[in-house]
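Visitor: Before we look at any details, could you take me through this model and explain the reasoning behind each term as you use it?
Guide: Gladly; here is the model, and we can begin with a single loop.

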Amino acid sequence: MRNIDLIREVTRAAADNWPHVLAGLSISVPDSPRKHAACPACGGHDRFRFDDNGRGSHICNQCGAGDGLDLIAKVNHCDATTAAQLAADVLGINYRATKSTEAASQRRSQRAAEHQQREQERQKQAEADAVLRRATFSRLYSEMLHSATDGESEYLINKGLDGFTFPITKDGSMLVALTDETGAITAAQTVTPQGEKRLISGSAKKGAFHTVNAIERPQSVLITEGLATALTCHLIKPDALTVAAIDAFNLLPVAEVMRRKYSDARIIIGADNDHQIGDSETGGTNTGKGEAEKAATAVNGWVSIPPTDHKADWDDYRQQNGLEASAVAFNDSMYQPEIMKGKAPIQGTINGKVTVRNDGEITVRNDAPDPLKPRIESRDDGVYWVTPKLDNQSGEVINNESWLCSAMKVIGTGWRAESQYLIVSWQAFGMDQNTVMAIPKDDIGERS
């Protein structure tokens, strides 16, 4: 069996079964993508996360990311072929024997059918779980709302945030409802007078948010983590539509919802400064800042973070410095990650990285773009030549754009002399028909 055929067969056979394969090779990985652990390859304490996603996906802050075969190769200090042979032994694949084309085809068909059946069962179970979760949440939320009375929260009053009315439960907790993109209440959080926060069982939090004020066509949308921070930011910027995402990891999903709902609005992430003592020396992570920058980058938005050398959100800053000083600091602290840090997904440039999405769209991304350098941007509606210009009065970057061609899509793949090709299609400017070209994957990376 050829090396490339072995790698393909092992990858297919191990799909959705990587924890078993890795365990068979004495490679220990976390049982949840939320857990951090020591890297099986390079050690450490919590630098490693195993996302799986059916491909054995993992990431290590020290030795990088990859799939299941990459992890086997790193742990055993071997190449991809040897890693595939080790996995094949666990999977019971006899790569040493010569198989007939018909037998190999039957085996592939059987495994494809088994994989399809597993996927259908997984989807069916996921749908059943979602129905049960929604029913549980709906029942519990309705019961709590029915027994609650409108009033002010002791938790907010203690923070100096008077005048905001919420449903208050019998134990004095504030009930905070979260809505999804359609306006349906899909999650809710309770906040006790002492500040203990819990999601109601069955809540579907991802992409859901609590809206502080109602503005039909906002010019600006302000997104924060916690509710108190959102209320403070509303006082700082009352003309902005302000929403609370509840936690740092929900900032990105909520920002994407806001961009879809308000395509022309300026989106600002009022970040928490999760500063840790000794960050610069130890490389400690600032989760609030990092997740806020991810969200802002994804929607071409802005970040404003409290200018403190200790852990603080904007509500903490207001309590310590007053509302007027907080408003000044909020505006002075705003920046765009792609301009300040050079990490935005600005697309184009000849030395960029190529990404092919599941729907076949091709995107070229540059790791450290110059915001004033002419570039190519690949979008859903086409490929553009962008020539930036700095407005001397406002200081803003104005992008002049010219349409070059339609969005580039992968319409197929092929092989020739051990090399795999992507079949790419696009419609060029002034042409009535699409151009089709085969591009070697070696030119852009085998796994891109």
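Guide: This is a predicted model, and a good place to begin is asparagine 53, which sits in the loop that joins strand 2 (43–52) to strand 3 (57–60).

Visitor: What makes asparagine 53 count as exposed?
Guide: Its relative accessibility is 60%, and the term exposed applies to values over 50%, so asparagine 53 is classed as exposed.

Visitor: What is notable about the phi of asparagine 53?
Guide: Phi of asparagine 53 is near 55°, which is a positive value in a residue other than glycine. Most residues other than glycine have a negative phi.

Visitor: Which loop holds aspartate 16, and what is its phi?
Guide: Aspartate 16 belongs to the loop between helix 1 and helix 2 (18–24), and its phi is positive, at about 65°, although aspartate 16 is not a glycine.

Visitor: Why is aspartate 16 called partly exposed?
Guide: The relative accessibility of aspartate 16 is 39%, and partly exposed covers the range between the 20% limit for buried and the 50% limit for exposed, so aspartate 16 counts as partly exposed.

Visitor: Let us turn to the helices. Why are helix 1 and helix 4 described as oblique?
Guide: The axes of helix 1 (residues 3–14) and helix 4 (residues 80–91) come within 9 Å and cross at roughly 45°. Angles under 35 degrees would count as roughly parallel and those from 65 to 115 as roughly perpendicular, and the angle here fits neither class, so helix 1 is oblique to helix 4. The crossing of these two helices, helix 1 and helix 4, is left-handed.

Visitor: Which residues bring helix 1 and helix 4 into contact?
Guide: On the side of helix 1 they are Asn3, Leu6, Ile7, Val10, Ala13 and Ala14, and these meet Ala80, Thr81, Ala84, Gln85, Ala87, Ala88 and Leu91 of helix 4. Sorted by class, the contact of helix 1 with helix 4 comprises 10 nonpolar, three polar and no charged residues.

Visitor: What makes helix 3 roughly perpendicular to helix 4?
Guide: Helix 3 (residues 68–76) packs against helix 4 at an angle of about 105°, with the axes 9 Å apart. The range for roughly perpendicular runs from 65 to 115 degrees, so helix 3 is placed in that class relative to helix 4. In this pair, Leu69, Ile72, Ala73 and Asn76 of helix 3 meet Ala83, Ala84, Leu86 and Ala87 of helix 4, and by class the contact has seven nonpolar, one polar and no charged residues.

Visitor: Why are helix 7 and helix 11 called oblique to each other?
Guide: The axes of helix 7 (residues 227–236) and helix 11 (residues 314–321) come within 7 Å and cross at roughly 60°. Since roughly perpendicular begins at 65 degrees and roughly parallel ends at 35, helix 7 and helix 11 are therefore oblique. Their contact is formed by Ala228, Thr229, Thr232 and Cys233 of helix 7 together with Trp314, Asp315 and Arg318 of helix 11, and by class helix 7 and helix 11 contribute three nonpolar, two polar and two charged residues to it.

Visitor: How do you know that threonine 308 is buried?
Guide: Threonine 308 has a relative accessible area of 16%, and buried means under 20%, so the term applies to threonine 308. This residue, threonine 308, lies in the loop between strand 14 (302–304) and helix 11, and a polar atom of its side chain is 2.7 Å from the backbone oxygen of histidine 310. Residues up to four places away in sequence aside, threonine 308 touches Asn273 and Tyr317.

Visitor: What makes glutamate 377 count as buried?
Guide: With a relative accessibility of 13%, glutamate 377 falls under the 20% limit and so counts as buried. Glutamate 377 lies in strand 17 (residues 375–379), and its side chain makes a polar contact of 2.8 Å with the side chain of arginine 379.

Visitor: Why is isoleucine 168 called buried?
Guide: Isoleucine 168, in strand 6 (residues 165–168), has a relative accessibility of 13% and therefore counts as buried. Its C-alpha atom is 9.5 Å from that of threonine 192, with isoleucine 168 and threonine 192 24 residues apart in sequence.

How values were computed. Residues are numbered from 1 along each chain as its sequence is written. This is a predicted model: local features need pLDDT of at least 70, side-chain atom pairs count only at pLDDT 80 or more; totals for chains, interfaces and linings use all residues. Side-chain values use heavy atoms; hydrogens and water are left out. Helices (H or I, at least four residues) and strands (E, at least two) are DSSP runs, numbered from the N terminus. Buried means under 20% relative accessible area, exposed over 50%, partly exposed in between (1.4 Å probe, protein chains only). A polar contact is a pair of N or O atoms within 3.5 Å; within protein, one must be able to donate a hydrogen and the other to accept it, and residues adjacent in sequence count only if both atoms are side-chain atoms. Axes are lines fitted to C-alpha atoms, for helices over the stretch in contact, and angles run from 0 to 180 degrees between N-to-C directions. Angles under 35 degrees count as roughly parallel, over 145 as roughly antiparallel, 65 to 115 as roughly perpendicular and the rest as oblique. Contact means heavy atoms within 4.5 Å. Ala, Val, Leu, Ile, Met, Phe, Trp, Tyr, Cys and Pro count as nonpolar, Asp, Glu, Lys and Arg as charged, and the others, Gly among them, as polar. A crossing is left-handed if the near helix is turned anticlockwise from the far one by less than a right angle, and right-handed if clockwise.
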